[in-house]
Amino acid sequence: RIAFLAAACAAPAVASAQDAAARRFMFGGGPGGSFGIHRNANSQFKLEEFVGYSILPVGDHPGLFLAGVFSQGFVDYVRLTWAARVGFAIQVYHTNDFEVLVTPYMQFGGTGAFFNQGTEGAFNWNFGGQGEFVLLDGLLALYFRPLSFDLNFGRDVWAYYELMTGVVVRL
């Protein structure tokens, strides 16, 4: 029992001692809204998942990263998107307990829309920015994405403004 207690107490110290820049692998996701801003795009509930890697850390934050993204939109039809994202995390505030990052990004990929009367494919282009509140020496971040535009170019154009929130885990 004493060994278990000692290990449990030492684990946070080991995690905090790890250099945050060494946390290059990331995964996460979250829910949000996808609001149609074009006549052919209905508003939807959206889920997003991603897996990525920091290819050029800057100081003790992620810097330049690449990620694979998969998202789903639901209401009266289903929209599935798979894409590659590139972004750059900029540290705007840092203390011993937490840091704040601002992360502009852009992604390119494909979208499939599944309607009652059939399916349609489109090229996906999404761009925007998010704020991240980073805790536990870079291990966990809570993000809020107030600025995101999702454009899909197929037979028609579907344009969405998106408001997302979620979690990023960096290992």
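The exercises below work through one predicted protein model, each with a solution in steps. In this predicted model, local features need pLDDT of at least 70, side-chain atom pairs count only at pLDDT 80 or more, and totals for chains, interfaces and linings use all residues. Residues are numbered from 1 along each chain as its sequence is written, and side-chain values use heavy atoms, with hydrogens and water left out.

**Exercise 1. The chain as a whole**

Task: State how many helices and strands the protein chain has, and in what pattern they follow each other.

Solution:
- Step 1. Helices (H or I, at least four residues) and strands (E, at least two) are DSSP runs, numbered from the N terminus.
- Step 2. By this rule the protein chain has one helix and eight strands.
- Step 3. Along the sequence the pattern reads α-β-β-β-β-β-β-β-β.

**Exercise 2. Burial, contacts and surface**

Task: Give the share of buried residues, the share of contacts that span 24 or more positions, and the accessible surface of the protein chain.

Solution:
- Step 1. Buried means under 20% relative accessible area, exposed over 50%, and partly exposed in between (1.4 Å probe, protein chains only). Of the 171 residues in the protein chain, 39% are buried.
- Step 2. A contact means heavy atoms within 4.5 Å. Among contacts in the protein chain with a separation of 6 or more, 57% join residues 24 or more positions apart.
- Step 3. Accessible areas come from the Shrake-Rupley method with a 1.4 Å probe; for residues, only the protein chains shown count as cover. The protein chain has an accessible surface of about 8,800 Å², and 72% of that surface belongs to carbon and sulfur atoms.

**Exercise 3. The barrel**

Task: Describe the order in which the strands close into a barrel, then follow the pairing around strands E1 and E8.

Solution:
- Step 1. Strands of a sheet pair through backbone hydrogen bonds, either parallel or antiparallel. Here, two strands pair if DSSP finds at least two bridges between them.
- Step 2. The eight strands close into a barrel in the order E1-E2-E3-E4-E5-E6-E7-E8, with antiparallel pairing. From one strand to the next, the twist averages 25° (axes are lines fitted to C-alpha atoms, for helices over the stretch in contact, and angles run from 0 to 180 degrees between N-to-C directions).
- Step 3. Strand E1 (residues 25-36) pairs with E8 in the antiparallel sense over nine bridges. In this pairing, Phe35 has Tyr161 of E8 as its bridge partner, and Gly29 has Val167.
- Step 4. E1 is also joined to strand E2 (residues 44-58) by ten bridges, again antiparallel. Pro31 stands opposite Leu47 in E2.
- Step 5. Strand E7 (residues 140-153) and strand E8 (residues 157-170) pair in the antiparallel sense over eleven bridges. They form a hairpin with three residues between them. Leu140 stands opposite Val169 in E8, and Arg145 stands opposite Met164.

**Exercise 4. The nonpolar cores**

Task: Find which elements give two or more residues to the largest nonpolar core.

Solution:
- Step 1. A nonpolar core is a set of buried Ala, Val, Leu, Ile, Met, Phe, Trp, Tyr and Cys residues joined through side-chain atoms within 4.5 Å.
- Step 2. The largest nonpolar core has twelve residues, among them Met26, Phe50, Phe65, Tyr143 and Met164.
- Step 3. Strand E3 (61-74), E7 and E8 each give two or more residues to this core. E3 gives the most, with three residues.
- Step 4. Apart from this core lies another, of six residues, including Ala41, Tyr77, Ala113 and Trp158.

**Exercise 5. Arg79**

Task: Decide whether Arg79 is buried or exposed, and name side chains with which its own makes polar contacts.

Solution:
- Step 1. Arg79 lies in strand E4 (residues 78-94).
- Step 2. Arg79 counts as buried because its relative accessibility is 2%.
- Step 3. A polar contact is a pair of N or O atoms within 3.5 Å; within protein, one must be able to donate a hydrogen and the other to accept it, and residues adjacent in sequence count only if both atoms are side-chain atoms.
- Step 4. The Arg79 side chain makes such a contact with the side chain of Ser34 at 2.7 Å, and another with the side chain of Asp150 at 2.6 Å.

**Exercise 6. Two residues in a loop**

Task: Compare phi and accessibility for Leu136 and Asp137.

Solution:
- Step 1. Most residues other than glycine have a negative phi, and most peptide bonds are trans.
- Step 2. Leu136 has a positive phi of about 55° although it is not a glycine. Asp137, also not a glycine, has a positive phi of about 55°.
- Step 3. Leu136 sits in the loop between strand E6 (118-135) and E7, and Asp137 is in the loop between E6 and E7.
- Step 4. Leu136 counts as exposed because its relative accessibility is 52%. Asp137, at 30%, counts as partly exposed.
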